[in-house]
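Trainee: Got a minute to go through a model with me? I'd like to get my bearings before lunch.

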Amino acid sequence: MRRIALACLIAFASLLAACTTLQALVGNQVTFTTPQLQSYLDRRFPRDYEKLGGLVTLRVMHPRLTIPEGSGRLQLDFDLGIGGLGMDSASPAGHFALRSGLGFHPQTRGLHLADPELVGVDVPAMGGAMNTTARAAVNTWLADYARGEPVYRLDDNVWGRMAGRRIGETTIGDGVVTLHLDQ
């Protein structure tokens, strides 16, 4: 009897472990939690971007993802390092925050920022608020990032389980991101 109970417990634990990258694939939706998205982002940063022909390096680091209650959008906070002009890009020189929706791109099998907007910028190394050049660099990075880099990429297991299904709307709320599947 104990062996049967142990076998059932192991089978249940295996099923639970299979869901670590996928919160749920139930019926017509797939949901992802904030910790799942955060874990993916943690592996993708820091990222360096050269500007002004390599004279300045913009380092985007320490992503922090939250889903503000009732907003229908996610918030990403980043530390910003600036290299060059006597500054070290490895040390945070400031912080910026953005809010964005998410959209699914089948080419990358990823959730990408949709209509991102800067909601806060603080760069004490440049006198507090971001100057025009730095703001332009962050906005350029933001547009490139939204277009080319997913906030989360579906792994092969999830992608295979969704075979033959079309992904419709992507919604954000109640602490999760939900992909709605069409038949």
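Mentor: Let's take the overall layout, then the confidence, then some single residues.
This is a predicted model, where local features need pLDDT of at least 70, side-chain atom pairs count only at pLDDT 80 or more, and totals for chains, interfaces and linings use all residues. Residues are numbered from 1 along each chain as its sequence is written, and side-chain values use heavy atoms, with hydrogens and water left out.

Trainee: OK, how many helices and strands does the protein have?
Mentor: Four helices and ten strands. Helices (H or I, at least four residues) and strands (E, at least two) are DSSP runs, numbered from the N terminus. The order along the sequence is α-β-β-α-β-β-β-β-β-α-β-α-β-β.

Trainee: And which helix has the lowest mean pLDDT, and which element the highest?
Mentor: Helix H1 (residues 2–18) is lowest among the elements, with a mean of 39, while helix H2 (residues 34–44) is highest with 97. pLDDT is the predictor's confidence in each residue, from 0 to 100. The protein averages 82, and 81% of the residues score at least 70.

Trainee: Where does pLDDT stay under 50?
Mentor: Over residues 2–24. The model has 21 contacts beyond four places in sequence for that stretch, a contact being heavy atoms within 4.5 Å.

Trainee: Switching topic: what percentage of the residues count as buried?
Mentor: Of the 183 residues, 39% do. Buried means under 20% relative accessible area, exposed over 50%, and partly exposed in between (1.4 Å probe, protein chains only).

Trainee: Which residues have the most contacts inside the largest nonpolar core?
Mentor: Val60, Phe96, Leu111, Leu113 and Trp141, in a core of 42 residues. Helix H3 (residues 132–148) gives the most to this core, with six residues. By nonpolar core I mean a set of buried Ala, Val, Leu, Ile, Met, Phe, Trp, Tyr and Cys residues joined through side-chain atoms within 4.5 Å.

Trainee: Tell me about Val60. What is it in contact with, sequence neighbours aside?
Mentor: Leaving out neighbours within four places in sequence, the contacts of Val60 include Phe45, Pro46, Tyr49, Phe78, Phe96 and Trp141. Pro46 is worth a look too: the peptide bond from Phe45 to Pro46 is cis, with omega near 10°. Pro46 is found in the loop between H2 and strand E3 (47–51).

Trainee: Now the end of the chain. How do strands E9 and E10 run?
Mentor: Antiparallel, with six bridges joining E9 (residues 166–173) to E10 (residues 176–182); strands pair if DSSP finds at least two bridges between them. Ile167 has Leu181 in E10 as its bridge partner. The two strands form a hairpin with two residues between them, and Asp174 in the turn has a positive phi of about 55°.

Trainee: Is Thr178 in E10 buried or exposed?
Mentor: Thr178 counts as buried because its relative accessibility is 8%. Beyond its neighbours within four places in sequence, Thr178 is in contact with Gln29, Val30, Thr31, Glu169, Thr170 and Thr171.

Trainee: Back to phi. What about Arg109 and Asp115?
Mentor: Arg109 has phi near 55°, a positive value in a residue other than glycine, and its place is in the loop between strand E6 (94–105) and strand E7 (110–122). Arg109 is partly exposed, since its relative accessible area is 22%. Asp115 also has a positive phi of about 55° without being a glycine, but Asp115 lies in strand E7. At 64% relative accessibility, Asp115 counts as exposed.
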